[in-house]
2 protein chains.
Amino acid sequence: MAGIPIRSPADIGALIRDRRKALGLDQAALASKVGVSRLWINQVEQGKPGANLGLVLRTLATLDIALSIAPQKDVKSDDAVTAPDIDAVIDAARERREP
Amino acid sequence: MAGIPIRSPADIGALIRDRRKALGLDQAALASKVGVSRLWINQVEQGKPGANLGLVLRTLATLDIALSIAPQKDVKSDDAVTAPDIDAVIDAARERREP
DNA sequence: TTTGAGTGTAAGCGATGGCATACAATTCAG
DNA sequence: CTGAATTGTATGCCATCGCTTACACTCAAA
């Protein structure tokens, strides 16, 4: 249930849209509550990649959506975790970026 | 563990910084892996509110951090959930914005 | 102390975001 | 079907982002 991963601006957009509709708000109403323009809500819901992080977080807060961390791999917080592991992890992450 | 809430750009910044250090990377190394400037990483870690959403998500992905939803209140997805409840929720959220 | 890596800050520039306004397209009640 | 509400798109302006370059600050190792 809480396992929906947020990977892209489009994910955020879909999330916002779904929640907005679930609350019975239209774009204009949400916009005024968040303090942005209706156009901005519209574009963000469509996955605008360059959207302002702070405004997005405010929008989520307004919709009572709480983001949290779903740790994928943990790190031995003990001693030096240097190169080898990390590069593999990061390469995998990079590939996942734009398939 | 997975309950750390993400509310503000500063939260994102702290998250990125902690994870970067846990992975033994410096700002420059992370920047080049993400494909942004070192300066940008620096500012985001300090909580830059206007940061580019897409770049932030790419940074999180590079660090293998997965965001997910922690639903606060659910909505009777049945019929119209209109004004009363919502406004209270939203007002509270607004107040939380800039105290 | 000195040296160096890592980090924080500044100035200027090109690119882009967010805005208002206006107008199509779509959806939905009547 | 008609008309209103909601959503999508276009244009232009101004503010701000992200970049490069450059330099100061901190701190740990030599």
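Let's start with one residue: Asp64(B) is buried, at a relative accessible area of 7%. By buried I mean under 20% relative accessible area, with exposed being over 50% and partly exposed in between, using a 1.4 Å probe and the protein chains only. Asp64(B) sits in the loop between helix H4 (53-62) and strand S2 (67-69) of chain B. Its phi is near 60°, a positive value in a residue other than glycine.

Before I go on, a word on what you're looking at. This is a predicted model, where local features need pLDDT of at least 70 and side-chain atom pairs count only at pLDDT 80 or more, while totals for chains, interfaces and linings use all residues. Residues are numbered from 1 along each chain as its sequence is written, chains are lettered from A and ligands numbered from 1 in the order written, and side-chain values use heavy atoms, with hydrogens and water left out.

Okay, over to chain A. Asp64(A) has a positive phi of about 60° too, and it is not a glycine. You'll find Asp64(A) in the loop between helix H4 (53-62) and strand S2 (67-69) of chain A. Is Asp64(A) buried or exposed? Buried, with a relative accessible area of 14%.

Now the helix just before that loop. Helices here are DSSP runs of H or I with at least four residues, strands are runs of E with at least two, and both are numbered from the N terminus. H4(A) is largely enclosed by the rest of the structure, because eight of its ten residues are buried. Among them are Leu53(A), Val56(A), Leu57(A) and Leu60(A), and also Arg58(A). At the start of H4(A), a side-chain oxygen of Asn52(A) comes within 2.8 Å of the backbone nitrogen of Gly54(A).

Stepping back to the chain as a whole: chain A has five helices and two strands, and along the sequence they run β-α-α-α-α-β-α. It has 99 residues, and 44% of them count as buried.

So what about the DNA? Take strand D. I call a residue near a strand if one of its heavy atoms lies within 4 Å of it. How many residues surround DNA strand D? There are 17, and the closest are Arg20(A), Gln27(A), Gln46(A), Ser37(B) and Asn52(B). Of the strand D atoms within 4 Å of the protein, 69% belong to sugar or phosphate, and the rest belong to bases.

Let's look at some polar contacts, meaning pairs of N or O atoms within 3.5 Å; within protein, one must be able to donate a hydrogen and the other to accept it, and residues adjacent in sequence count only if both atoms are side-chain atoms. A side-chain N or O atom of Ser37(B) is 2.6 Å from a phosphate oxygen of strand D. For Trp40(B), a polar side-chain atom lies 3.1 Å from a phosphate oxygen of that strand. Asn52(B) uses a polar backbone atom, 2.5 Å from a phosphate oxygen. The elements giving two or more residues to this surface are helix H1 (9-22) and helix H3 (38-45) of chain A, together with helix H3 (38-45) of chain B.

And strand C? It is surrounded by 17 residues, with Ser37(A), Asn52(A), Arg20(B), Gln27(B) and Gln46(B) the closest. Ser37(A) has a side-chain N or O atom 2.7 Å from a phosphate oxygen of DNA strand C, and a backbone N or O atom of Asn52(A) is 2.6 Å from one.
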